[in-house]
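Work through the exercises below with the coordinates open. Each task is followed by a stepwise solution.

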2 protein chains.
Amino acid sequence: MGSLTEENYIKSIYALSQSTGEVYVSELAKKLDVKLPSVNSMMKRLAIKKLVAYAPYKGIKLTEKGKKEALAIIRKHRLAELFLVKVMGLGWEEVHDIAEQLEHVNSPRFYERIDELLNSPKFDPHGEPIPDSNGKIHTQQRTSLIDLAEGLTATITAVTEDEKSFLDHLNAKGLQIGDAVTIMKREMFDGSITLQHKSKKEILLTHQVAERIWVEL
Amino acid sequence: MGSLTEENYIKSIYALSQSTGEVYVSELAKKLDVKLPSVNSMMKRLAIKKLVAYAPYKGIKLTEKGKKEALAIIRKHRLAELFLVKVMGLGWEEVHDIAEQLEHVNSPRFYERIDELLNSPKFDPHGEPIPDSNGKIHTQQRTSLIDLAEGLTATITAVTEDEKSFLDHLNAKGLQIGDAVTIMKREMFDGSITLQHKSKKEILLTHQVAERIWVEL
DNA sequence: ATAAAATGTTAGATGCCTCTAATATTTTAA
DNA sequence: TTAAAATATTAGAGGCATCTAACATTTTAT
Ligand SMILES: [Mn+2]
Ligand SMILES: [Mn+2]
Ligand SMILES: [Mn+2]
Ligand SMILES: [Mn+2]
């Protein structure tokens, strides 16, 4: 267990290296809102602690140890979010910022109880998978709503989570995880799409919104 | 809202200055397990921030602003403890250490929900009063079990909280907040006392234990 | 192939929080 | 009332996490 700062670096490295397996100093600096030399000096420290593999001018990779720590933090974040929604009655749009703090709480007992109360849940309120206590995570391949052909029907399985304004927007449109939607129209001009929803209403989503919604056929 | 370190100093100053209104550098250093110069340099910083009144070689006092901040942290600590017991089903002996972390969570919403779920509670699991959201606290004068005469019956209202081993000991003896006890015998030799308890059993407590139990007649 | 642009690193500084060693003040006791 | 003991402060340093300015490397475009 490193410092709060260290944990946030590890978590960001994990997130940004998901696709390619590595992340660049500049990407990390942007994500964490710090300058390049800050990332640089932290990488040196994390390398000494064997949490990242880092050679000057090359991409940054998490070691196995680093990955394990990342997944432990992600587990705590997502368990906390679900707990805040299911047990404490908060909205899915307001839990991320609180979970950003709770994920750093060091108490196996606290998280064990949350896990028990929620019955070892598999997904957080935004549809993200929760790593198990051994760090095993069920990474599903995901299709964006924006990639579905007209006429197809699919179920919303997850959404991009960490922007409150985006989730507020979905709340206003009445969209939730688990909802079935049918693509009625895809506009060529601006990339927006029109959905048929269980509420019987037609819903129009801009490209910007639709691309952040993940579905399963 | 200052740093975590600052908050811990403020909280300790509040606790240690309860009786006399002030606290000495050496007392604080002992409580926080740091050396004297650390306290010294922190006092300078807190004085600049108008959280303490501090003149070299004199006692340390919290300003009104400092008291307000202390009470806000104590409120969060005690709400968290009660939440952990009542909602999450943890034991009163295991919640203090978790609350030490949760008290630093910055989220009015989180604590508002806890307060709602618990119905604006007045006391924490150890019988300590919970300051209200304006920082108003109901400080009761307290009698120690050790000061009761033989034959008297009283109700346990609070216990010293932050040592797990002490609460484990009370659990083993079957004593809880709210229990009525009658003083059967006070031993002159070692200061121990024998209680009659609702469990019908007689309970023997050493001086060291009895002095940490607060009662009301 | 070279120059320009983008990206990354090093040097050196700052604030926070801590420490040890040296010094100063206050309290207590001879 | 002076010496000793206890308590408090200052000086100076180190680790963590950040910054700006200067320099180095890699990528891209002419
Ligand atoms: Mn989140
Ligand atoms: Mn989430
Ligand atoms: Mn406590
Ligand atoms: Mn308590």
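**Exercise 1. Strand pairing in chain A**

Start from Val159(A) and find its bridge partner in β8(A). Then place β4(A) among its neighbours.

Solution.
- Step 1. Val159(A) has Ile213(A) as its bridge partner in β8(A).
- Step 2. Strand β8 of chain A covers residues 213–216; β4(A) joins it through four bridges, and the two run antiparallel.
- Step 3. Turn to strand β5 of chain A, residues 180–186: β4(A) pairs with this strand too, in the antiparallel sense, over three bridges.
- Step 4. One residue pair fixes that register: Thr155(A) is bridged to Ala180(A) in β5(A).

Keep in mind that this is a predicted model.

**Exercise 2. The sheet in chain B**

Give the strand order of the open sheet in chain B, and name its edge strands.

Solution.
- Step 1. The open sheet has six strands, ordered β3-β8-β4-β5-β6-β7 (chain B), with antiparallel pairing.
- Step 2. β3 (143–144) and β7 (202–205) of chain B each pair on one side only, and they are the edge strands.
- Step 3. Check one junction. Strand β4 (residues 153–159) of chain B and strand β5 (residues 180–186) of chain B run antiparallel and are joined by three bridges.
- Step 4. Within that junction, Ala154(B) sits opposite Val181(B) in β5(B).

**Exercise 3. The manganese site**

Which protein donors does the manganese ion (ligand 1) have? Which parts of chain A does the pair Glu81(A) and Glu161(A) tie together?

Solution.
- Step 1. The donors are His77(A) through NE2, Glu81(A) through OE, His96(A) through ND1 and Glu161(A) through OE, at 2.0 to 2.1 Å from the ion.
- Step 2. Along the chain, the donors of ligand 1 have the spacing H-x3-E-x14-H-x64-E.
- Step 3. A second manganese ion (ligand 2) lies 3.5 Å from ligand 1, and Glu81(A) coordinates both.
- Step 4. Glu81(A) belongs to helix α4 (residues 64–86) of chain A, while Glu161(A) is in the loop between β4 (153–159) and α7 (164–173) of chain A, so the pair links parts 80 residues apart in sequence.
- Step 5. Now test burial, for which the cut-off is under 20% relative accessible area. Glu81(A) is at 0% relative accessibility, so it counts as buried. Glu161(A) is at 12%, so it also counts as buried.

**Exercise 4. The surface near DNA strand C**

Which residues come nearest to DNA strand C? Which elements give two or more residues to the surface?

Solution.
- Step 1. Of the 21 residues around DNA strand C, the nearest are Ser26(A), Asn40(A), Tyr57(A), Ser3(B) and Ser38(B).
- Step 2. Of the atoms of DNA strand C within 4 Å of the protein, 71% are sugar and phosphate.
- Step 3. Look at phosphate oxygens. A polar side-chain atom of Ser26(A) is 2.7 Å from one. For a polar side-chain atom of Asn40(A), the distance is 2.4 Å. Lys35(B) uses a backbone N or O atom, at 2.8 Å.
- Step 4. The elements giving two or more residues are α2 (25–32) and α3 (36–48) of chain A, with α1 (4–16) and α3 (36–48) of chain B.
- Step 5. α3(B) gives the largest share, five residues.
- Step 6. Sorted by class, the surface has twelve nonpolar, six polar and three charged residues.

**Exercise 5. A loop proline**

Is Pro121(A) buried or exposed? Which residues does Pro121(A) contact beyond four places in sequence?

Solution.
- Step 1. Pro121(A) is in the loop between α6 (108–117) and β3 (143–144) of chain A.
- Step 2. Its relative accessible area is 13%, so Pro121(A) is buried.
- Step 3. Beyond four places in sequence, Pro121(A) contacts Leu79(A), Leu82(A), Asp115(A) and Ile130(A).

Definitions and conventions: Residues are numbered from 1 along each chain as its sequence is written. Chains are lettered from A and ligands numbered from 1 in the order in which they are written. This is a predicted model: local features need pLDDT of at least 70, side-chain atom pairs count only at pLDDT 80 or more; totals for chains, interfaces and linings use all residues. Side-chain values use heavy atoms; hydrogens and water are left out. Donors are N, O and S atoms within 2.8 Å of the metal (3.2 Å for Na, K and Ca); water is not among the atoms, so sites may look incomplete. Buried means under 20% relative accessible area, exposed over 50%, partly exposed in between (1.4 Å probe, protein chains only). Two strands pair if DSSP finds at least two bridges between them. A residue is near a molecule or strand if one of its heavy atoms lies within 4 Å of it. A polar contact is a pair of N or O atoms within 3.5 Å; within protein, one must be able to donate a hydrogen and the other to accept it, and residues adjacent in sequence count only if both atoms are side-chain atoms. Ala, Val, Leu, Ile, Met, Phe, Trp, Tyr, Cys and Pro count as nonpolar, Asp, Glu, Lys and Arg as charged, and the others, Gly among them, as polar. Contact means heavy atoms within 4.5 Å.
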